[in-house]
Amino acid sequence: MRKEDKAVAIENIAQTLKEYTNFYLVETAGLDAEKTSALRRACAQADIKLLVVKNTLLHKALEQLDGDYTELYPVLAGPTSLMCTNVANAPAKLIKDFVKKDDVLPAFKAAYVEETVYVGADQLDTLATIKSKNELIADVVALLQSPAKNVISALTSGGSKLHGILETLSKKEA
């Protein structure tokens, strides 16, 4: 690869990483063509961008970005694929489902999620249970709505009870 081509590739990787808030490093080299296609389809459906990258080019792209990625550099060995997403737990869930079905790759190497680095296959379960930003917002909204719903429910049930009592009394007098 020519030096100019490498510079363009590094810039493309860096630009892709800037577009997404989270990324995972996985090994997909052991997948056959059918399973690779299935993984690519699953990534597309989950809004995950899957790129096969050279480790040295990814390393140089990470050096260009703001942030500390030094913990990721040791895992940049062997075949590496980059899974970029804005939903923190989507790739972890996809990898777990994919491995559960066929007990094959992709093998999780590391991830950069919500400005935190996770290294090692033992971190996959932790990443799968992380709630996304939208899920956390939904939880907060639900918590905030709960007391209001209880008050409205109590007022509504109290009003219907009072209406029932008044209706019964009016029928008794007639």
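The legends below describe close-up views of a predicted model.

Local features are given where pLDDT is at least 70 and side-chain atom pairs where pLDDT is 80 or more, while totals for chains, interfaces and linings use all residues of this predicted model. Residues are numbered from 1 along each chain as its sequence is written, and side-chain values use heavy atoms, with hydrogens and water left out.

**View 1. Overall fold of the chain, with 6 helices and 5 strands.** Along the sequence, these elements follow the pattern α-β-α-β-α-β-α-β-β-α-α; helices (H or I, at least four residues) and strands (E, at least two) are DSSP runs numbered from the N terminus. Of the 174 residues in the chain, 34% count as buried, where buried means under 20% relative accessible area, exposed means over 50%, and partly exposed lies in between, with a 1.4 Å probe and protein chains only.

**View 2. The largest nonpolar core, a set of 24 residues.** A nonpolar core is a set of buried Ala, Val, Leu, Ile, Met, Phe, Trp, Tyr and Cys residues joined through side-chain atoms within 4.5 Å. The members that touch the most other members are Leu17, Phe23, Leu25, Leu58, Leu62, Leu72 and Leu82. Two or more residues come from each of H1, strand E1 (22–27), helix H3 (55–64), strand E3 (80–85) and strand E4 (107–113), and H1 gives the most to this core, with 5 residues. In soluble globular proteins, nonpolar side chains tend to be buried together.

**View 3. The salt-bridge network of Arg2, Glu4 and Asp5.** A salt bridge is a side-chain nitrogen of Lys or Arg within 4 Å of a carboxyl oxygen of Asp or Glu, and the structure holds 3 of them. In this network, Arg2 pairs with Glu4, their closest N and O atoms being 3.3 Å apart, and Arg2 also pairs with Asp5, for which the closest N and O atoms are 3.9 Å apart. Arg2 counts as exposed because its relative accessibility is 55%, whereas Asp5, with a relative accessible area of 35%, is partly exposed.

**View 4. The salt bridge between Asp125 and Lys96.** The two side chains meet at a distance of 2.6 Å, N to O. Asp125 lies in helix H5 (residues 124–129) and Lys96 in helix H4 (residues 90–102), so the pair ties together parts that are 29 residues apart in sequence. Both ends of the bridge are partly exposed, Asp125 at 45% relative accessibility and Lys96 at 31%. Thr126 is also found in helix H5 and is partly exposed, at 37% relative accessibility. The C-alpha atoms of Thr126 and Asn89 are separated by 9.1 Å, although these residues are 37 residues apart along the chain.

**View 5. A positive surface patch formed by Lys3, Lys6, Lys54 and Lys60.** Patches are made of residues with over 30% relative accessible area and no salt bridge, like charges being joined within 9 Å and nonpolar side chains (Val, Leu, Ile, Met, Phe, Trp, Tyr) within 5 Å. Lys and Arg count as positive and Asp and Glu as negative, with His and the chain ends not counted, and the place of a charge is taken as NZ of Lys, CZ of Arg, CG of Asp or CD of Glu. Lys3 is placed in helix H1 (residues 3–19) and counts as exposed because its relative accessibility is 73%.

**View 6. A nonpolar surface patch of Ile165, Leu166 and Leu169.** Together these residues have about 290 Å² of accessible area, computed by the Shrake-Rupley method with a 1.4 Å probe and, for residues, with only the protein chains shown counting as cover. Ile165 lies in helix H6 (residues 133–173).

**View 7. Loop residues Asp47 and Glu115, with positive phi values.** Asp47, in the loop between helix H2 (33–45) and strand E2 (49–53), has phi near 60°, a positive value in a residue other than glycine, and is exposed at 57% relative accessibility. Glu115, in the loop between E4 and strand E5 (116–119), has phi near 65° and is exposed at 70% relative accessibility. The loop between E4 and E5 also holds Glu114, which is partly exposed with a relative accessible area of 47%. Glu114 and Ser132 are 18 residues apart in sequence, and their C-alpha atoms are 9.4 Å apart in space.
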